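Me: I've got a fold open on my screen and I'd like to learn how to read it. Could you walk me through it one feature at a time?

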Amino acid sequence: RTGRLLFPRILLSSQPCHLVTSSHFVVIATADASLSVYNTSTMTATLSNVKFGHMITDPTHLRDISLTSNGLPVISTHDCVYCFSNKMKTWFELSRSSEASIIHNSQFSLSSTLTELTPLRSLQNSTGLTGLTSFTNNSDHSQNVTLVYLESQITRSQCLGSILECEHWIKCYVRYLVSEKLEEKLREFCMGLTKVPIKSNFGVVDVTNCDTILTFLGSRTRPLLQDCMTIIASNPKLQRLYCELRDTVVDDTH
């Protein structure tokens, strides 16, 4: 804004084709499908020559490149949006156009619980993909698609570091499992939040599938589990599972 030179001239691996600034971050994409992010306040490279050619056909025809508030690059193609994860050192899928064929439902809408523009919601709003649920027909395919979508929203929230959205989508996930009466999945997921091994048709399962959620949410896990139990308790056919979870939580506190 002041016209002051922030960097000396940077030598890139190829001709630059996109340059975007946000706050004190600068992202540059080059014609050989590599991307770098620079922090002008610390004079450091947040990312250096990260490849993205495997996601697109022509680097010069990207629909959009943007940055999250913490300097993570977001790439939009004609049918997908990708974000880079510093922790995983790879790109992950943020949304895809095929999800737009899933019908919007207010019970999964983020606007009903969060008023501020949270990271995942903000990025998906820009692509026209917001709170979604299932196809109109009640087929096994629609159930699987909805489950994959909700599970994806949980992991996407974690990758973006959005605790509020992660909690929201976990509740949506549990609510959907309850409505579909998927008791085995409910037991596995909720017991995972308690870190207690469970017995299934395949024997004793050491539940570790929720470890990343436990680490991510920390002390907020227990209140979230209580909310999930309240959702389960609303279905009379799942009272046995509710009692099982309640007893596990009580035993864990002693």
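**Reading strands, helices and pockets**

Reply: Let's begin with one pair of strands: strand 3 and strand 4 are joined by five bridges and pair in the antiparallel sense. Keep in mind that this is a predicted model.

Me: Okay, so what actually holds strands together, and which residue of strand 4 is the bridge partner of Y38?

Reply: The general idea is that strands in a sheet pair through backbone hydrogen bonds, and the pairing can be parallel or antiparallel. Here, look across from Y38 and you'll find A45 as its bridge partner in strand 4.

Me: In what order do the strands of that sheet come?

Reply: The sheet is open and has four strands in the order 1-2-3-4, with antiparallel pairing. Strand 1 and strand 4 (44-51) sit at the edges with a single partner strand each, so one side of each has no neighbour in the sheet. On average, neighbouring strands here are turned by 10° against each other, direction ignored.

Me: How many bridges join strand 1 to strand 2?

Reply: Six bridges join them, and the two strands run antiparallel. One pair to find on screen is L19 and its bridge partner I28 in strand 2. Then follow the chain round the hairpin of strand 1 and strand 2: there are two residues between the strands, and S23 takes a positive phi near 55°.

Me: And which way do the side chains go along a strand?

Reply: In a regular strand they alternate between the two faces of the sheet. That's a handy thing to keep in mind while you step along any of these strands.

Me: I can see another sheet. Which strands are at its edges?

Reply: This one is also an open sheet of four strands, in the order 5-6-7-8, and the pairing is antiparallel. Its edge strands are strand 5 (64-67) and strand 8 (90-96), each pairing on one side only. From one strand to the next, the twist averages 25°. Inside the sheet, strand 6 (residues 73-76) and strand 7 (residues 80-85) run antiparallel and are joined by three bridges. To get your bearings there, find V74, which stands opposite C83 in strand 7.

Me: Let's switch to helices. How do I describe two that pack together, and at what angle do helix 3 and helix 4 cross?

Reply: Two packed helices are described by the angle between their axes and the distance between the axes. In this model, the axes of helix 3 (residues 163-179) and helix 4 (residues 183-194) come within 9 Å and cross at roughly 150°. Angles over 145 degrees count as roughly antiparallel, and helix 3 and helix 4 are therefore roughly antiparallel to each other. As for handedness, helix 3 passes helix 4 in a left-handed crossing.

Me: Now the pockets. What is the volume of the largest pocket, and how many residues line it?

Reply: When you read a pocket, go through volume, lining and residue classes in turn. The largest pocket has a volume of about 570 Å³. Its lining is made of 20 residues, with L6, F7, T21, V26 and T40 lying nearest the centre. Strand 1 (16-22) and strand 2 (25-30) each supply at least two lining residues, and strand 2 gives the most, with three. By class, the lining has eleven nonpolar, six polar and three charged residues.

Me: Which helix gives the largest share to the lining of the second largest pocket?

Reply: Helix 2 does, with three residues. The volume of the second largest pocket is about 330 Å³. There are 13 lining residues, and S85, K87, Q158, C159 and L160 are the closest to its centre. Helix 2 (140-159) and helix 5 (211-217) each supply at least two residues of that lining. Sorted by class, the lining divides into five nonpolar, seven polar and one charged.

Me: What about cavities: how many of 30 Å³ or more does the structure hold?

Reply: There's one, and the largest cavity has a volume of about 40 Å³. The residues lining it are L12, S13, I28, T30, S34, L35, S36, Y38 and N49. Strand 2 and strand 3 (34-39) are the elements giving two or more of these residues, and strand 3 has the largest share, four residues. The lining divides into four nonpolar, five polar and no charged residues. You've already met two of those names: I28 as the bridge partner of L19, and Y38 as the bridge partner of A45.

Terms used. Residues are numbered from 1 along each chain as its sequence is written. This is a predicted model: local features need pLDDT of at least 70, side-chain atom pairs count only at pLDDT 80 or more; totals for chains, interfaces and linings use all residues. Side-chain values use heavy atoms; hydrogens and water are left out. On a 1 Å grid over the protein atoms alone, a cavity is a set of points where a 1.4 Å probe fits but cannot get out, and a pocket is an open set with protein on both sides within 12 Å along at least five of seven lines; lining residues have an atom within 4 Å of a point. Grid points are joined across faces, edges and corners, and a volume is the space filled by probe spheres set on the points. Ala, Val, Leu, Ile, Met, Phe, Trp, Tyr, Cys and Pro count as nonpolar, Asp, Glu, Lys and Arg as charged, and the others, Gly among them, as polar. Two strands pair if DSSP finds at least two bridges between them. Axes are lines fitted to C-alpha atoms, for helices over the stretch in contact, and angles run from 0 to 180 degrees between N-to-C directions. Angles under 35 degrees count as roughly parallel, over 145 as roughly antiparallel, 65 to 115 as roughly perpendicular and the rest as oblique. A crossing is left-handed if the near helix is turned anticlockwise from the far one by less than a right angle, and right-handed if clockwise.
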